[in-house]
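Please work through the following exercises with the sequence and the structure at hand. Each task is followed by a solution in steps.

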Amino acid sequence: DEISFDEQARWLRVRRGEFELVCNFAETATSVPCGGDRVRLATHGSPAIVAGHIELARRSGALVR
C-alpha cells in the first residue's frame with residue numbers, strides 16, 4: 001500500500017493492491033502519476049492514461065487498475 005501526493009499541484013494518489021485511487025483537488029486539469037493502465041471508474045468523462053500519468057479534470061477522480 002502506498003500514498004503519494006503533491007500539495008502544490010493539489011493531487012492525491014492511494015494505491016492498495018492492484019488498484020489506485022487518483023484525485024485532483026485543483027481548480028484546473030492536471031496530470032497525476034499512476035501505475036495502472038486502465039480506468040475502471042471516473043467521476044468526470046473518460047480520462048486517458050499516457051506514459052504513466054492520468055489527465056484528470058478539475059476536482060475529479062478515478063479508480064485505476
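Two strands pair if DSSP finds at least two bridges between them; strands (E, at least two residues) are DSSP runs, numbered from the N terminus. The model is predicted, so local features need pLDDT of at least 70, side-chain atom pairs count only at pLDDT 80 or more, and totals for chains, interfaces and linings use all residues. Residues are numbered from 1 along each chain as its sequence is written, and side-chain values use heavy atoms, with hydrogens and water left out.

**Exercise 1.** Determine which strands pair with β7, and in which sense.

*Solution.*
- Step 1: β4 (residues 30–33) pairs with β7 in the antiparallel sense over 4 bridges. Within this pairing, threonine 30 has leucine 56 as its bridge partner.
- Step 2: β6 (residues 49–50) is antiparallel to β7 and joined to it by 2 bridges. Here valine 50 is the bridge partner of histidine 53.
- Step 3: β6 and β7 form a hairpin with 2 residues between them, and alanine 51 in the turn has a positive phi of about 50°.

**Exercise 2.** State which side chains of β7 are buried (under 20% relative accessible area, 1.4 Å probe, protein chains only).

*Solution.*
- Step 1: The side chains alternate along β7.
- Step 2: Ile54 and Leu56 point to one face and are buried, whereas His53 and Glu55 point to the other and are not.

**Exercise 3.** Identify the residues that cysteine 34 touches (heavy atoms within 4.5 Å), not counting residues up to four places away in sequence.

*Solution.*
- Step 1: From β7, the contacts include His53 and Ile54.
- Step 2: The other contacts are Arg13, Glu20, Val22, Ile49, Gly52 and Val64.

Methods:
Buried < 20%, exposed > 50% of the residue type's maximum accessible area, 1.4 Å probe, protein only.
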